[in-house]
Amino acid sequence: MAGNGIGASLPRLEDARLLTGGGCYSDDFTQPNQARGFVLRSTHAHARIVSIDAGAVLQMPGVLLVLTGADVLAEGLKPIPHIPQAMSPPDIRLDNLDGSPHLLERPMVLATDSVRFVGEGVAFVVAETVAQAKDAAEAIDVVYEALPPMDDIAVDARVGNPRATREGFAEAEYVVRIETDIQRIAGVPMEPRAALGTYDPASGRYTLYAGGGAVVRPKKELAIILGIEPEQVRVIARETGGNFGTRNFLYPEFVLVAWAAKKVGRPVKWTCERGEAFASDYAARDLRVESELAISADGKFVGLHATAISNVGAYTASYIPLTKGTQLMTSVYDMPATARARAVLSNTQSTAPYRSAGRPETMFVIERLIDMAARECGFDRVELRRRNLIETTPYRNAFGVTYDSGDYAGTFEAVLKLADWTGYGARQKESAARGLRRGLGLGGYIESQSGAPQERAGVTVRADGTVEVLIGTLSAGQGHATSFAQLVEEWLGIPAHKVVIESSDSDRLTIGGGSHSGRSMRHAGTTIHKASQGIIAKGTKLAAEQLEASEADIAFANGRFTVKGTDRSVALVELAATHGPIADAGEVNSRVGAYPYGWHVCEVEIDAETGVVRLDRYTTVDDVGRAVNPLILHGQTHGGIAQGAGQALMERVVYDGNGQLLSGSFMDYAMPHADDFPRFVTALSEVPSTTHPLGMRGGGEGGITPALGVIVNAVVDALAEFGVTHIDMPCSPERVWQAIRAASATPA
């Protein structure tokens, strides 16, 4: 339809409010007479807690309460109920080779008998002010006894088609191999976590104010931990200042503020400091991969074998990155493959899904292998990819995942043209004239979107002409208030600016899976469409009565019901004004995946004397099935590229040999800035998804999924003249400088 429905690049409706201070983020919530909390955290990576002495602390000025692991045990609080496995199907299963169940290690909200990583909570102090709570925490005497490092294996699986892979390697002319570490990174959302808890003794209800990915899931989990009914918990979250997945989980502090509020009879607020966040936020990536690609004499991929080890940290929060990365490691290429996938525990903070969980890691590996094969075996890197692309869909890959639909070859040719691949030589000469090495990188990707299968949208056309959409996905900057409103305009003909999205209060939401795994638009599209169809059906009945016509003679378009063949009509909003609100709901329970894909091209310039890498050009073509708001989708791609470049070039969480965190501040953890990037050239492809009733795929993760491999391919290409064949991320100036000198010193 015309206007601002599906396909319109409508500027974000929420931006004016947010940019003028009208947002309400987690730390903006306050309550009268609130106390402040502070977490005393372990300074040991792995140790037994011999004793905790907080006796004198309660006599300190302003101190109201001290909670320890002993209190957790005494009151019977349950562990945080992590469910680390992927929700199969559509994701594959990683069954242990020996048939044993996956190891499940769930944390308590405060350490009870031992600590497992630096930063784990040992005590929670509540005082009148943050300063008083900090002083009191410093006075608590904790005696530790060091323990040896953990190295338990949580998952050990083998998947794929091993027979076909063995046969491929047996007949291969070439085999290329890579061993690499995809480093641990931090989520570093713009807004550090915060939580405010209250308790009403009259009703026996707890209220938690805390941003994340949803409000329904934390409501249920908080109830489980406290041993109460879900109806006794209310969760409220409005704006969330950045998430990317690491804030989707329930954190111990969310429970502590609610528990403490009941004990002190006052609201309790806790706000995370950035240093705490580096130590205690769930981390991301951290994968060790050894992989081999077998290639025939004519350049066909005849086998892929990989061993991947995921460092899941101290507790088993999630195996999803390992699962999703493993099941897609052949990307958009046709080949047999097998993989051994393992997850191991360590004395570090747990890892969790982070934007496109698991897929950037394995896309990095396959795209590096292809570039290495091209250089080592004498193939053209473009032709090598072209020769091995999947030609038809649906396509079942080596791990049993069926890609729904896609034009992998068409988008490949499109990105080469858009990036002016053939004009690269002139740009390379121009860089050389300025004393710089220029490199060109290319890479494709496919990613898997699944996530929580259930979602519900309630849509109400109000008497005042506005529309409310009640849905359980919480925005962390994705533009839901705009793109969801466009769906309403498309189907109900009511202007998008008249639509209000409500997703912040668990008292109004019975179902809500939250924002993760590219599910928000896919499920919003399905559920809002169903609800809209219900509203149209109800409106048709009312319009037929008012216009004195048969329901069969009523047509609906652009927000109006019309008697066919006449000029007699009535608007939907008029019916709501006359008869009261018109409402309906739509639900979905989908265990069918979606598989966005695309191609990126990157050009870098490198100063060989200093090792400094500068992104000079970056071009993308990403397929989203059906674009609701192209402007927002381009913005999502830009953000994903920036995150990928951050990991490829500078970000890295570092622990020393004793488990001490060395990258605990922005002095030690580098982040990209706006002036690190060129203007991106991004394009959208729209091949409808055959597994979604409206043809939609999510578009929030495509920007980051291939970026690691594409950027490192460009860096290595620029350094090929020195003999550099690979650099582990991040490609920092120091690493690039060292790689040049090491390769130059190696005899040919």
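The following exchange concerns selected residues of a predicted model.

Reader: Why is Thr473 called buried?

Author: The relative accessibility of Thr473 is 1%. Buried means under 20% relative accessible area, so Thr473 counts as buried at its 1%.

Reader: Where is Thr473 found, and with which residues is Thr473 in contact, leaving aside its neighbours within four places in sequence?

Author: Thr473 belongs to the loop between β20 (467–471) and α13 (480–492). Its contacts outside those neighbours are Gly213, Glu455, His480, Phe484, Ser503, Gly514, Ser515, Arg519 and Ser520. A contact here requires heavy atoms within 4.5 Å.

Reader: How do you know that Cys272 is in no disulfide?

Author: The count of disulfides comes to zero. For Cys272, the nearest cysteine sulfur is that of Cys24, 18 Å away. A disulfide requires a pair of cysteine sulfur atoms within 2.5 Å, and therefore Cys272, with the sulfur of Cys24 at 18 Å, is in no disulfide.

Reader: What places Cys602 in no disulfide?

Author: The cut-off of 2.5 Å applies again. The nearest cysteine sulfur to Cys602 belongs to Cys731 and is 11 Å away, so Cys602 is in no disulfide either.

Reader: Are Cys272 and Cys602 buried or exposed?

Author: Cys272 has a relative accessible area of 5% and is therefore buried. Cys602 has a relative accessible area of 0%, so Cys602 is buried too.

Reader: What makes the phi of Arg285 worth a remark, and where is Arg285 found?

Author: Arg285 has a phi near 65 degrees, which is a positive value in a residue other than glycine. Arg285 is found in strand β13, residues 283–295. Its relative accessibility is 7%, so Arg285 counts as buried.

Reader: Which value of phi does Ser356 have, and why is Ser356 called buried?

Author: Ser356 is not a glycine, yet its phi is positive, at about 65 degrees. Ser356 sits in the loop between β15 (337–345) and α9 (359–377). With the limit for buried at under 20%, Ser356 counts as buried because its relative accessibility is 1%.

Reader: Which omega goes with the cis peptide bond that joins Thr393 and Pro394?

Author: Omega is about 0 degrees for the cis bond between Thr393 and Pro394. Pro394 is in the loop between α10 (381–388) and β16 (395–396).

Reader: What is omega for the cis peptide bond from Met729 to Pro730, and where does Pro730 lie?

Author: The cis bond from Met729 to Pro730 has omega near -5 degrees. Pro730 lies in the loop between α17 (707–718) and α18 (733–745).

Technical notes. Residues are numbered from 1 along each chain as its sequence is written. This is a predicted model: local features need pLDDT of at least 70, side-chain atom pairs count only at pLDDT 80 or more; totals for chains, interfaces and linings use all residues. Side-chain values use heavy atoms; hydrogens and water are left out. Helices (H or I, at least four residues) and strands (E, at least two) are DSSP runs, numbered from the N terminus. Buried means under 20% relative accessible area, exposed over 50%, partly exposed in between (1.4 Å probe, protein chains only).
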